[in-house]
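Please open the model in your viewer and keep the sequence beside it, since this tour moves from one selection to the next.

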Amino acid sequence: MKKIVLLLALAFSAFLSHAQNAVTLKAGDAAPDFKLKNVDNKDVSFGTFKDAKGYIVVFTCNTCPYAIGYEQRIIDLDKKFKSQGYPVIAINPNDPEASNADTFAKMQDLAKEKKYSFPYLFDPGQKITDEYGAKRTPHIFIVSKTSKGNVVEYVGAIDNDPEGNNPQKIKYAEDVIASLKSGQKPAITQTKEIGCTVKRKAKA
């Protein structure tokens with residue numbers, strides 16, 4: 001019995017270490033490309049958007065109350081900025097074994113129900129989640145496409161109003177894109193992400 005408890009403790013410790021060691025990207029870092037399966041079963045990467053000037057990469061999920069609360073705002077970001085060259089690319093960072101409502105099939109159901117106008121990608125093994133260092137849902141990374149490659153411009157929250165009831169909210173994501181469109185560097189490049197922690201299964 002003691003041996004089993006020890007093994008479980010070691011596994012949990014390894015799991016925590018893995019999650020904590022994923023360093024979150026910051027402004028100025030290269031944004032890793034990816035090739036992940038969308039809910040329509042087609043692979044999506046940055047290259048899918050040939051005419052993009054940049055990307056709104058958001059790690060979100062089916063289940064987190066914060067992600068649900070921000071869902072319409074994510075939809076609105078895509079509707080407003082995709083035609084201006086900044087499409088939303090949503091990635092589910094949760095392991096489906098740790099969060100049963102975040103399976104690929106249930107992602108498909110949600111995207112269909114909510115009529116997502118943007119890709120909603122499955123991240124097997126949480127590889128891209130770890131490369132970006134996404135910690136919560138939602139966690140947003142705004143990326144510019146430059147002559148030197150894809151560069152992170154902003155990391156953090158979509159706005160400062162998780163409850164969705166503040167008419168004076170600061171719209172971080174929109175302000176960043178407005179700066180980029182005008183050829184300026186954003187005044188704010190990092191904020192504290194707001195949401196549920198990424199769900200991971202314990203690794204033996």
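Which residues in helix α5 (residues 172–181) are buried? Select that helix and you will find Y172, A173, V176, I177, S179 and L180 buried, where buried means under 20% relative accessible area with a 1.4 Å probe and protein chains only. Because they cover an arc of only 155° around the axis, they lie on the same side of α5, the arc being that of the directions from the helix axis to the C-beta atoms.

A note on the model: it is predicted, with local features needing pLDDT of at least 70 and side-chain atom pairs counting only at pLDDT 80 or more, while totals for chains, interfaces and linings use all residues. Residues are numbered from 1 along each chain as its sequence is written, and side-chain values use heavy atoms, leaving out hydrogens and water.

Next, add β3, α2, β7 (139–146) and β8 (149–156) to the selection, for the buried residues of α5 pack against these elements, contact meaning heavy atoms within 4.5 Å. Helices (H or I, at least four residues) and strands (E, at least two) are DSSP runs, numbered from the N terminus. Just after α5 comes G183, with a positive phi near 80°.

Now select C64 and C196, which form a disulfide with sulfur atoms 2.2 Å apart, the cut-off for such a pair of cysteine sulfur atoms being within 2.5 Å. This pair links distant parts of the chain, 132 residues apart, with C64 in the loop between β3 (54–59) and α2 (65–81) and C196 in strand β9 (residues 196–197). The link is right-handed, with 80° about the S-S bond.

Finally, select C61, whose sulfur is 5.2 Å from the closest cysteine sulfur, that of C64, and therefore too far for a bond.

How values were computed. Buried means under 20% relative accessible area, exposed over 50%, partly exposed in between (1.4 Å probe, protein chains only).
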